[in-house]
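This report examines one protein chain through its burial, strand pairing, nonpolar cores, ring contacts and pockets. The sequence and the model are shown below.

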Amino acid sequence: MLLVIDVGNTNTVLGVFARAKDAGEHSRYDQLLANWRVATSRRSTVDEYGVLFRNLFSMAGLESKGIHGIVVSSVVPPLDPVLRQVCERYFSLKPLFIEPGVKTGMPVQYDNPAEVGADRIVNAVAAFEKYGGPCVIVDFGTATTFDCVSVKGEYLGGVICPGIGISADALFERTARLPRVEIRKPGRVIGSNTVGSLQSGLYYGYLGLVDGILERLLEELGKETQVLATGGLGPMIGTGSKYIKNVDEFLTLEGLRIIWERNATGHRDTPAKQATKSESRAASRHAPAKSSNGDGARTTPTSRSVR
């Protein structure tokens, strides 16, 4: 099984993929067995995260020892070393982090590619793989991002704006008498009370922002561009947009799976296996050269790169 982890500023989403039954060892992990959304905690320790993961697995009837690979995208750098230790301590695996140098199969046309959030690249890879290009991915998270992919599969860049949750929090915190309200689609635009008026303003105001940006992006990319949504609020906002045609709840998890498969060599081994390989290589360097034939000629071991 393959464990994929997407660490966001507000929530962390996890998924477990498995190969199809009776599939070979090198077949794709194409079955999403389970997925969870939990709060991102910057203060949790390695053991606290380990217990959380173990409990999630237990509730789903999964065994942690069945995990053969782990891939992580994170936009919360302080948690990266914590998650590395969790993977090594509780799964005995070295995780693959989506970072510069990882093979994604997608050229990045950003001025500084290192500035692009890992989740944005992951979404772009999955969208192009599943829907082709050109396409725009709208990810409704803590921030709402619009990511553009060319017809050739190049990451072009996009737009970042405050998420609807941030807008709602700011409205509540900066006003004396307006209450905090649930974000949802109201039954009508005209609110007949304060709560209804706030919900209408948040939902339809944000929907107008989304469609306004998409209208301008489509003018640049072309009307044939496919637009899809993902993220926690993707189903609610995406279904109200006149431009978003697909809502893909598990797009980021799929992207992590795709990138892991493109980098699978070198990330299948556990720390124990890696230590064994290191010991074997060290022994071979100090072993005496072997004679290759009876005429006294000697050969040295051929060096091979380990990926």
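## Basis of the description

A residue is called buried when its relative accessible area is under 20%, exposed when it is over 50%, and partly exposed in between. The structure discussed here is a predicted model.

## Tyrosine ring pairs

By the cut-offs just given, Tyr110 is partly exposed, because its relative accessibility is 24%. Tyr155, in contrast, has a relative accessible area of 0% and is buried. The ring centres of these two residues are 6.2 Å apart and the planes meet at 50 degrees, so the pair is classed as tilted. The contact links distant parts of the chain, since the two residues are 45 residues apart. Tyr110 belongs to the loop between β5 (96-97) and α3 (118-131), and Tyr155 to strand β8 (residues 155-162).

Tyr203 and Tyr204 form another pair, with ring centres 4.9 Å apart and planes at 90 degrees, so the arrangement is edge-to-face. Here too the accessibility of the partners can be stated: Tyr203 is buried at 1%, and Tyr204 is partly exposed at 27%.

## Other aromatic contacts

In total, the structure contains six aromatic pairs. Trp36, Phe57 and Phe91 are joined by ring pairs into a cluster.

Two arginines are placed over phenylalanine rings. The charged end of Arg84 sits over the ring of Phe97, at 4.1 Å from the ring centre. Arg257 lies over the face of Phe17, with a distance of 5.8 Å to the ring centre.

## Strand β1 and its partners

Strand β1 is largely enclosed by the rest of the structure, because six of its six residues are buried. The burial applies to both faces: Leu2, Val4 and Asp6 are buried on one side, and Leu3, Ile5 and Val7 on the other.

Strands of a sheet pair through backbone hydrogen bonds, in either a parallel or an antiparallel sense. β1 pairs in the antiparallel sense with β2, through six bridges. These two strands form a hairpin with three residues between them, and Leu3 has Val16 of β2 as its bridge partner. With strand β4 (residues 69-74), β1 pairs in the parallel sense over six bridges. In that pairing, Val4 stands opposite Val71 of β4.

## Nonpolar cores

Which residues touch the most other members of the largest nonpolar core? They are Val4, Val71, Ile98, Ile137 and Trp260, in a core of 30 residues. At least two residues of this core come from each of β1 (2-7), β2 (11-18), α3, β6 (135-140) and α7 (251-262). The greatest contribution is that of α3, which supplies seven residues.

Another core lies apart from this one and has 29 residues. Its members include Ala18, Leu56, Val76 and Leu93.

## The five-stranded sheet

Five strands make up an open sheet of mixed pairing, in the order β8-β7-β6-β9-β10. β8 and β10 (246-247) are the edge strands; each has a single partner strand, so one side of each lacks a neighbour in the sheet.

Within this sheet, β6 and strand β7 (residues 143-149) run antiparallel and are joined by six bridges. Asp139 stands opposite Thr145 in β7.

The loop between β7 and β8 contains Gly153. At 2% relative accessibility, Gly153 counts as buried. The C-alpha atoms of Gly153 and Val125 are 8.2 Å apart in space, while the two residues are 28 residues apart in sequence.

## The largest pocket

Rolling a probe the size of a water molecule over the atoms shows where empty space is left. The largest pocket has a volume of about 830 Å³.

What lines the largest pocket, and which residues lie nearest its centre? Its lining comprises 35 residues, and those nearest the centre are Asp139, Phe140, Gly141, Thr142 and Ala143. Asp139 is also the residue that stands opposite Thr145 in β7. The largest share of the lining comes from helix α4 (residues 164-173), which provides four residues.

Note on methods. Residues are numbered from 1 along each chain as its sequence is written. This is a predicted model: local features need pLDDT of at least 70, side-chain atom pairs count only at pLDDT 80 or more; totals for chains, interfaces and linings use all residues. Side-chain values use heavy atoms; hydrogens and water are left out. Rings of Phe, Tyr and Trp (its six-membered ring) pair if their centres lie within 6.5 Å; planes under 30 degrees apart count as stacked, over 60 as edge-to-face and the rest as tilted. Buried means under 20% relative accessible area, exposed over 50%, partly exposed in between (1.4 Å probe, protein chains only). A charge sits over a ring if NZ of Lys or CZ of Arg is within 6 Å of the ring centre and within 35 degrees of the ring normal. A nonpolar core is a set of buried Ala, Val, Leu, Ile, Met, Phe, Trp, Tyr and Cys residues joined through side-chain atoms within 4.5 Å. Two strands pair if DSSP finds at least two bridges between them. On a 1 Å grid over the protein atoms alone, a cavity is a set of points where a 1.4 Å probe fits but cannot get out, and a pocket is an open set with protein on both sides within 12 Å along at least five of seven lines; lining residues have an atom within 4 Å of a point. Grid points are joined across faces, edges and corners, and a volume is the space filled by probe spheres set on the points.
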